[in-house]
Amino acid sequence: MPLNIVHDGNGFSRIILTEPTGSSAEVLLYGGQVVSWKNERREELLFMSSKAIWKPPRAIRGGIPVYFPQFGNLGSLEQHGFARNRLWSIDNDPSPLPPTNNQSSVDLILKSAEEDLKTWPRSFELRLRISLSAGKLTLIPRVRNMDSKAFSFTFALSNYLSVSDISEVRVEGLETLDYFDNLARRERFTEQADAITFDGEVNRVYLDTPTKIAMIDHEKKRTFVLRKDGMPDAVVWNPWDKKTKTVPDLGVEDYKTMLCVDSAAIETPIVLKPFEEWKGRQELSTVSSSYCSGQLDPRKVLHGFH
């Protein structure tokens, strides 16, 4: 099947993925970024900022941006590295992964360009497979060292999730874990709460996290489940009202309907020898939450609903 590529008014090439139950996803070649994921009822599951700047070389606020080869400002490069504001290509040779139904999957590639080699002189290939199936969106990033010497990098898939009201949302699966608090000069703490809830700004990097994290949206009776592999850390972020006012590409009310939970490799950078390849994987799915006691049984969330 040929890929469904549309060119929108902003000059962006979008790849539209669909699958038989009616869900869809939209992926930009700019940034290799997923900017929409709708369920079979056509409800948008990802958050996009009301003030997102759809103009290169700016990064687009929302969806699932790719942070490579640097997370945040933990290095000498621009914030979150350069992959999210470069033009990717469709990868016509994604052979090492099993084939999928072309209609609901796309393979993208970003190679080191002249301008990037000036600031990060390492030769690489970054590949990303995005696959859509009923109730599920899967992203498989791979980085190959094309250089004659080893290099290291940090990485994240930043998932901007659409929620009904951030103050009604809880994140389960990170309790008792250590985290770096970016609001306290990256000091290390241990999570004491039985779930993360929100009544102010949160910006934390949880370390050595489980492969499964649940984000429960009480009002929508919907639970997002994030499963991940090869990315041991998880970033939880909501800017709340005060910080939002300092972010030019976020609307003042936007923080109420967004939650970022990233799959990441931050604490321990990934090291690749020449021609070695790293592979990660994340799977986002949704399940409907039903309540007896006002909250979901966390054991069911973390161990599946079979």
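# Exercises on a predicted model

Arginine 186 counts as partly exposed, since its relative accessibility is 32%, and partly exposed is the class between buried (under 20% relative accessible area) and exposed (over 50%), judged with a 1.4 Å probe and with protein chains only. The structure is a predicted model, in which local features need pLDDT of at least 70 and side-chain atom pairs count only at pLDDT 80 or more, while totals for chains, interfaces and linings use all residues. Residues are numbered from 1 along each chain as its sequence is written, and side-chain values use heavy atoms, with hydrogens and water left out.

## Exercise 1: two residues with positive phi

Task: State where arginine 186 and aspartate 208 lie, and decide whether aspartate 208 is buried or exposed.

Solution. Step one is to look at the backbone: arginine 186 is not a glycine, yet its phi is positive, at about 60°. Aspartate 208, also a residue other than glycine, has a positive phi near 50°.

Step two is to place the residues. Arginine 186 sits in the loop between β13 (178-181) and β14 (187-190), whereas aspartate 208 sits in the loop between β16 (202-206) and β17 (212-217). Such labels come from DSSP runs, numbered from the N terminus, where a helix is a run of H or I with at least four residues and a strand is a run of E with at least two.

Step three is to apply the cut-offs: aspartate 208 is exposed, because its relative accessible area is 63%.

## Exercise 2: the partners of strand β20

Task: Which residues of β10, β11 and β19 stand opposite residues of β20?

Solution. Begin with the strand itself, which spans residues 258-272 and is mostly covered, as eleven of its 15 residues are buried. Two strands are said to pair if DSSP finds at least two bridges between them.

Next, take the partners in turn:

- Strand β10 (residues 151-157) pairs with β20 in the antiparallel sense over six bridges, and serine 152 stands opposite valine 271.
- Strand β11 (residues 160-162) runs antiparallel to β20 and is joined to it by three bridges, with leucine 161 opposite leucine 259.
- Strand β19 (residues 233-238) is antiparallel to β20 over five bridges, and aspartate 233 has alanine 264 as its bridge partner.

When you follow a strand by eye, keep in mind that in a regular strand the side chains alternate between the two faces of the sheet.

## Exercise 3: two buried residues and their surroundings

Task: Which residues are in contact with threonine 244 and with serine 285, leaving aside neighbours within four places in sequence?

Solution. First, threonine 244 belongs to helix α2 (residues 240-244) and is buried, because its relative accessible area is 0%. Contact means heavy atoms within 4.5 Å, and by this rule threonine 244 touches Pro239, Leu250, Gly251, Val252 and Tyr255, once its neighbours within four places in sequence are left aside. Glutamate 201 is 43 residues away along the chain, and its C-alpha atom is separated from that of threonine 244 by 9.4 Å.

Second, serine 285 belongs to strand β22 (residues 281-288) and counts as buried, because its relative accessibility is 9%. With the same exclusion of neighbours within four places, serine 285 is in contact with Trp37, Gly135, Lys136, Thr223, Phe224, Val225 and Arg227. Alanine 134 lies 151 residues away along the chain, with 8.9 Å between its C-alpha atom and that of serine 285.

## Exercise 4: two cis peptide bonds

Task: Where are proline 57 and proline 69 found?

Solution. The bond from proline 56 to proline 57 is cis, with omega near 5°, and proline 57 is in the loop between β4 (34-38) and β5 (66-67). The bond from phenylalanine 68 to proline 69 is cis as well, with omega near 0°, and proline 69 is in the loop between β5 and β6 (89-90).

## Exercise 5: the whole protein

Task: Which radius of gyration would a compact globule of 306 residues have, and which does the protein have?

Solution. The radius is taken over C-alpha atoms, and the globule rule is 2.2 Å times the number of residues to the power 0.38. For 306 residues a compact globule would come near 19 Å, and the protein has 19 Å, so the two agree. The C-alpha atoms fill a box of roughly 55 × 45 × 40 Å along the principal axes. To complete the picture, the protein contains three helices and 22 strands, and 55% of its 306 residues count as buried. Among contacts with a separation of 6 or more, 66% come from residues 24 or more positions apart.
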